[in-house]
Amino acid sequence: MVYCGRPSASCGNCRAKKKRCDKAVPGCGQCQRTGRECPGYRDLTSLIFRDESSHVINKVQARITKRDASRVRTPTSAGRSQTTASPLQQLEQGVLSDDPLFTGHSQSSAGTNALQANNAFPNANNTIPDALDDGTASCGPGLESKNVGNGQGNRGKESDDQMSIPPPFTLPLDMIALNYFLAHYIVQESPPSSGFLSYVPSILTLDDDNEILQGGILAVGFAGVAHSTRQADLRCRSRAMYTRTIKRMNRALEDPQTARQHSTIVTVLILSLYEFGESSLDGWDRHIQGATSMLALRGKAQFTTRIGLQIFRDIFSHLLINCLRMGSPIPAALRMIRAEAAKAFSASDPCWVTSSALLEVMDLYSQINPGGFDFVHGSAVDSSKTGTTERQLPIDELERYLSQALDIDHRLESRFSECSPEWRFTVVQLASPDPHQVHGGIYHKYHDSGIVGVWNEMRTCRVLANHAICHLLLRGAKSDPSWFFSRNYTDQLQETSQTMRRIRDDILASLPQQLSYFPFPTQQLLQPLRLEQYLNPATIPDSKLAALSTATLDSSFGFQQPRYTGVGVGAYFASWMLLLAGSMHTNSEDTRQWIITQLRHITAQAGLAQADLFASCIESNKVRPPLST
């Protein structure tokens, strides 16, 4: 049986006229409007596969006959002629022969037989693959593409059809990349947590035009499989897919209607994950800025659907990360959009409470230091030169900022100490802890990774609020010592320093689960991920991926059934928390080395090269907390 691609589900009249068919039952709307009798729809399952067994047998027999006749005519030339496999065959044969994930299949079946992929990252002792010489593919303003590993990036005159990568989701390798992405980068919704990218399967099945989203998924999926299997060819394929997706994205953004689609904005978010994996923080930043601009473009309409609300929450959380990294306040346009979103969220929701507090903290920082800041610096931080350009703060203004910071910290501490049971965590004291996995012999046990994310956003906000308190107290003591000592601010300064150390320890205790040292309870309860639940035509008859039936996946591709582990996403968010913890001045050398070790581990296991850069910056003293004095 040969897979013949996804056939059109339109009726015969619409296919002949090349019109867009609404696939209504019993007859389509186009035929009804034109007064024609709708001929109905074809059985797609009878079209996607064609029996070519006899044809293949005849071709093989003809080749054997021709080869034998050639050997009779030129017996001495037989040893010189060798059959050269196509680049795609070489790639797939190399994967099958060297890849421990694809087991139980002979090389002769490459590209047609089943390929299996599991969830495990490579062993921690495995070496990290060398980066390709051409550097990281990234996007400039307007999502422009740059050089990629296989040289495709600069061929602006070539059409997509000339690129040596097949259309999405038509080869076993593509299905493996999809499988990898779904298993590692999606966190299923598990109340009270909303998960992360949990809406992607729904968009894939319900959105009729999602080829851009498919390309973004494949770019990240191929990158993950390439790292796990140490296959440089798959890495080239990942970069080529990224570049092609960027080109299609640029064309899609020219159409306002397409730019507002769920699949378009989600693709930009997924491409930011690709850039983070390639250690391109500038590319990650441009994608996040692009996604936030699209939030404003989508306007109020995005809050009318559940998926739209989930997309807004995920992208706005990334906007907060970017603003915290740069020390810049939230743009005014996004504040207005968020005010509209407030009507759809509960004011007591811990996630909403935390994001509101982060907005307050960033506004406070922009008032204290209008020039902004950056956690990561290009050279080692010289403490003797910090604070030389800070403006003078009058005591009354300083006291006002100090009161705001104390209020933010107190509100968050009170709110999370009274949260409902489903949001709480358990402190686990280990009798014989592994020092490479657990810091201080204690870790926190959470219900799922989404709850960890909300708690760590709260802790981030409290760290910044307490750091602002320390900064303001020290500035006041420097400008007016009598004010500082007369109000007994010495005790407040010591208490704030102790609070920051306690919050840092809580952050480090939350990471073992995110780094998959210990499982989340929800992971043990989830059913295995079955791709057919998104592709089954009986469930979703009009989807583009419905052409692949349950029988097709089980018999032709034979995937091992993975689970939504969210390992890649956990490592991604853990990298940011480790950067924050590593920037604190109160770290002991042991704590600092533990943080560096975990960042190196993330790069080795999850293939996120940006984590390795974070580790190098902490190691070489190129990070510092904001408002450092």
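**Group meeting talk: cores, salt bridges and one helix**

Let me begin with a single residue, E340, which is partly exposed, with a relative accessible area of 22%. Before I go on, please keep in mind that what you see above is a predicted model. E340 forms a salt bridge with K300, and the closest N and O atoms of the two are 3.9 Å apart. This pair links distant parts of the chain, with E340 in helix α13, residues 332–341, and K300 in the loop between α11 and α12, 40 residues apart. K300, for its part, counts as exposed, at 56% relative accessibility.

Let me now step back to the whole chain. The protein chain contains 24 helices and six strands, and of its 629 residues, 51% count as buried. If we take the contacts between residues at least 6 apart in sequence, 74% of them join residues that are at least 24 apart.

With so much of the talk concerning buried residues, the interior comes next. In soluble globular proteins, nonpolar side chains tend to be buried together. Here, the largest nonpolar core has 141 residues, and the members that touch the most others are F181, L197, V200 and V266. Which helix gives the most to this core? That is helix α16, residues 449–479, which contributes 14 residues. The core also draws at least three residues from each of two domains, namely domain 2, at 173–344, and domain 3, which is made up of 349–375, 393–525 and 564–628.

To see this core from the point of view of one member, take V200, which, when residues up to four places away in sequence are not counted, touches F181, I186, I217, V266 and I270. Apart from the large core there is another one, of six residues, with C11, C14, C21 and C31 among them.

I217, which appeared a moment ago as a partner of V200, deserves its own look. I217 is found in helix α7, residues 211–229, and this residue is buried, with a relative accessible area of 0%. Leaving aside neighbours within four places in sequence, I217 is in contact with L178, F181, V200, L204 and I270. As a further landmark, I217 and D174 are 43 residues apart in sequence, while their C-alpha atoms are 9.7 Å apart in space.

Since cysteines came up in the second core, you may ask how many disulfides the structure holds. The structure holds zero disulfides. C21, for instance, is in no disulfide, and the nearest cysteine sulfur, which belongs to C14, lies 3.8 Å away. C21 is buried, with a relative accessible area of 6%, and C617 is buried as well, at 5%.

Let me return to charged residues, where the structure holds 17 salt bridges. In one of them, the side chains of R306 and E189 meet at 2.2 Å, N to O. R306 lies in helix α12, residues 306–326, and E189 in the loop between α5 and α6, so the pair ties together parts that are 117 residues apart in sequence. Are these two residues buried or exposed? R306 is exposed, with a relative accessible area of 55%, whereas E189, at 34%, counts as partly exposed.

Another salt bridge joins E278 and R235, with the closest N and O atoms 3.4 Å apart. Because E278 sits in the loop between α10 and α11, and R235 in helix α8, residues 232–252, the pair ties together parts that are 43 residues apart in sequence. Both E278 and R235 are buried. These two residues are also linked with R239 in a network of salt bridges.

I will finish with helix α11, which follows the loop that holds E278. This helix has 18 residues, and from its first C-alpha to its last it reaches 26 Å, close to the 26 Å expected at 1.5 Å a residue. Which residues of α11 are buried? They are L281, G283, W284, D285, H287, I288, A291, T292, M294, L295 and R298. After α11 comes G299, whose phi is positive, near 65°.

Key: Residues are numbered from 1 along each chain as its sequence is written. This is a predicted model: local features need pLDDT of at least 70, side-chain atom pairs count only at pLDDT 80 or more; totals for chains, interfaces and linings use all residues. Side-chain values use heavy atoms; hydrogens and water are left out. A nonpolar core is a set of buried Ala, Val, Leu, Ile, Met, Phe, Trp, Tyr and Cys residues joined through side-chain atoms within 4.5 Å. Buried means under 20% relative accessible area, exposed over 50%, partly exposed in between (1.4 Å probe, protein chains only). Helices (H or I, at least four residues) and strands (E, at least two) are DSSP runs, numbered from the N terminus. Domain bounds come from an automatic or database domain assignment. Contact means heavy atoms within 4.5 Å. A disulfide is a pair of cysteine sulfur atoms within 2.5 Å. A salt bridge is a side-chain nitrogen of Lys or Arg within 4 Å of a carboxyl oxygen of Asp or Glu. The expected span of a helix is 1.5 Å times one less than its number of residues.
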